[in-house]
Amino acid sequence: MTVKPALAATTEWEALEAHYGRVKNETLRALFAADPGRAERLSLEAAGLFLDYSKNRVTDETLRLLAALARARGVEARRDAMFAGEKINVSENRAVLHVALRAPRDWKIVVDGEDVIPEVHAVLDKMAAFSDKLRSGAWKGHTGKPIKNVVNIGIGGSHLGPEMAYRALHGFSDKTLTFRFVANVDGAAFTEATQDLDPHETLFIVASKTFTTLETMTNAAAARRWTLDALGDEKAVAKHFVALSTNAEAVEKFGIDTANMFGFWDWVGGRYSMDSAIGLSTMIAIGPDNFRAMLAGFHAMDVHFKSAPVERNMPMLMGLLAVWYNDFFGAQTIGVMPYSANLARFPAYLQQMQMESNGKHVDMDGRPVDVQTGPVYWGEPGTDAQHSFYQLIHQGTKLIPVDMIGFCAPLSPLADQHDLLMANLFAQAEALAFGKTAAEVAAEGVDPAHVPFRVFEGDRPTNMILADRLTPHALGALVALYEHSAFTQGAIWNIDSFDQWGVELGKVLAKRIIPELTAAGEPALAHDGSTNALIRRYRRLRGG
């Protein structure tokens, strides 16, 4: 494998550094005034999404230099290697093929000499058959009652994706079914999720590839006890549990019929898995046809990402802009503000996708990185966010680029309120970009002593992402947009965006501590002084 040069030492990076020195004080007011066609030029459409990136602190030269950086860092070549099934996850020697999960039947993607597309569609067909059976009432619980409640038990990608998708597409879901999502190992999460459910009418979906994930299996064991306390018969487990897993032996030992085990592959990372078997709860909620429409949205963005040149490639542009702000302006976070109540969990979903992907301190060659990687992604829905942290974005001392997401057609019949929502969306982007000068404030007749408090500096960059309506297709395209943006950032930094070793150490230590918390006698503790003291305090006070 060819070792890439340190990023900061490349000609392209040095050119961007020099360019940054020249344009860092350019204002968006000046850029728009000098270029009446800026908004039209710096926008594009793909896969049913419209992106206006004109309110970014960039010039045509910035974009040219960023595109040159992408080509020099081999972003396109790495993208092509991913679509070809090459093992670009180097630390685990795995292919990275979430794009195969939504590829049509006539596509072909080969991994280790085998076309994976037929397998993908076999699982999708099995999911569809099960979903139809449950939605129709043909699937009965142990006592003959139809299933009315579905509880997804997972953690990380097997939780955040399904929960986000259910809330996003609630308008398309079967309202006769109740859906709950449990991830936190805190017993209160399971108790609250099930306290008003009837065990005779409840199905649990246990999502764990290995069927050994500590948090998931702890909650699954609680669900098994809850079910059997009411139904009394071990055979009931097979009618009230299904598994999203590859460990048939453990699934069968739990009591689940392996005929109701839905598999996936080691080339699917958890944070990229909501369109795999992990999406079974989504398919049950919205139906197979709508699920396939979501897959079509994913695929449409995949095709765009695979074929468009860097300069007109929506995910690449968003990824490059993230690098521009992270590494040159020193912006450590990126806000994601969907102006849609249904996308309330979308920022949390992106937190995992982006930060687990690119929160890395060594490059693909095992060397310490020489620039900042992995900006923090965070956000809340508008208009809620306007009355909380927008104050800091507008008038604080930190530069926070913001992605703003809106939909032109409402899901609610309250059209007037949707107009107000969208007016706020457009107004906030305008205010962030152009602000209000001291002269403009003074012209309003404000007491001169109060003028400084009402000045908005502006030059807060935004990406505006619009779709016609929040549909399954639009959600798929939106998620794929951010997947490929994360890919682009990782390729620029030459890091492995598809492993996640950072989640392992805490798990290992937790397994060591668990028996120390519950041991009958005083255990011999060999942690640091702080951890030992905390364990002893907990042992004294546990149980109230």
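In which loop is phenylalanine 211 found? In this predicted model, phenylalanine 211 is found in the loop that runs between strand 7 (202–207) and helix 9 (214–231), and the close-up views below begin with that residue.

**View 1. Phenylalanine 211, a residue with positive phi.** The phi of phenylalanine 211 is near 60 degrees, a positive value in a residue other than glycine. Most residues other than glycine have a negative phi. Phenylalanine 211 counts as buried because its relative accessibility is 5%, where buried requires a value under 20%.

**View 2. Aspartate 112 in the loop between strand 3 and strand 4.** Aspartate 112, although it is not a glycine, has a positive phi of about 50 degrees, and its place is in the loop that links strand 3 (110–111) with strand 4 (114–115). With a relative accessible area of 63%, aspartate 112 is exposed, the threshold for that class being over 50%.

**View 3. The cis peptide bond between glycine 382 and threonine 383.** Glycine 382 and threonine 383 are joined by a cis peptide bond, for which omega is about 10 degrees. Most peptide bonds are trans. Threonine 383 is found in the loop between strand 11 (376–378) and helix 16 (390–395).

**View 4. Threonine 531 in helix 21 and its polar contact with aspartate 528.** Threonine 531 is found in helix 21, which comprises residues 529–541, and the side chain of threonine 531 is joined to that of aspartate 528 by a polar contact of 2.6 Å. The relative accessible area of threonine 531 is 22%, so this residue is classed as partly exposed. Glutamate 380 lies 151 residues from threonine 531 in sequence, and the two are 34 Å apart in space, C-alpha to C-alpha.

Methods: Residues are numbered from 1 along each chain as its sequence is written. This is a predicted model: local features need pLDDT of at least 70, side-chain atom pairs count only at pLDDT 80 or more; totals for chains, interfaces and linings use all residues. Side-chain values use heavy atoms; hydrogens and water are left out. Helices (H or I, at least four residues) and strands (E, at least two) are DSSP runs, numbered from the N terminus. Buried means under 20% relative accessible area, exposed over 50%, partly exposed in between (1.4 Å probe, protein chains only). A polar contact is a pair of N or O atoms within 3.5 Å; within protein, one must be able to donate a hydrogen and the other to accept it, and residues adjacent in sequence count only if both atoms are side-chain atoms.
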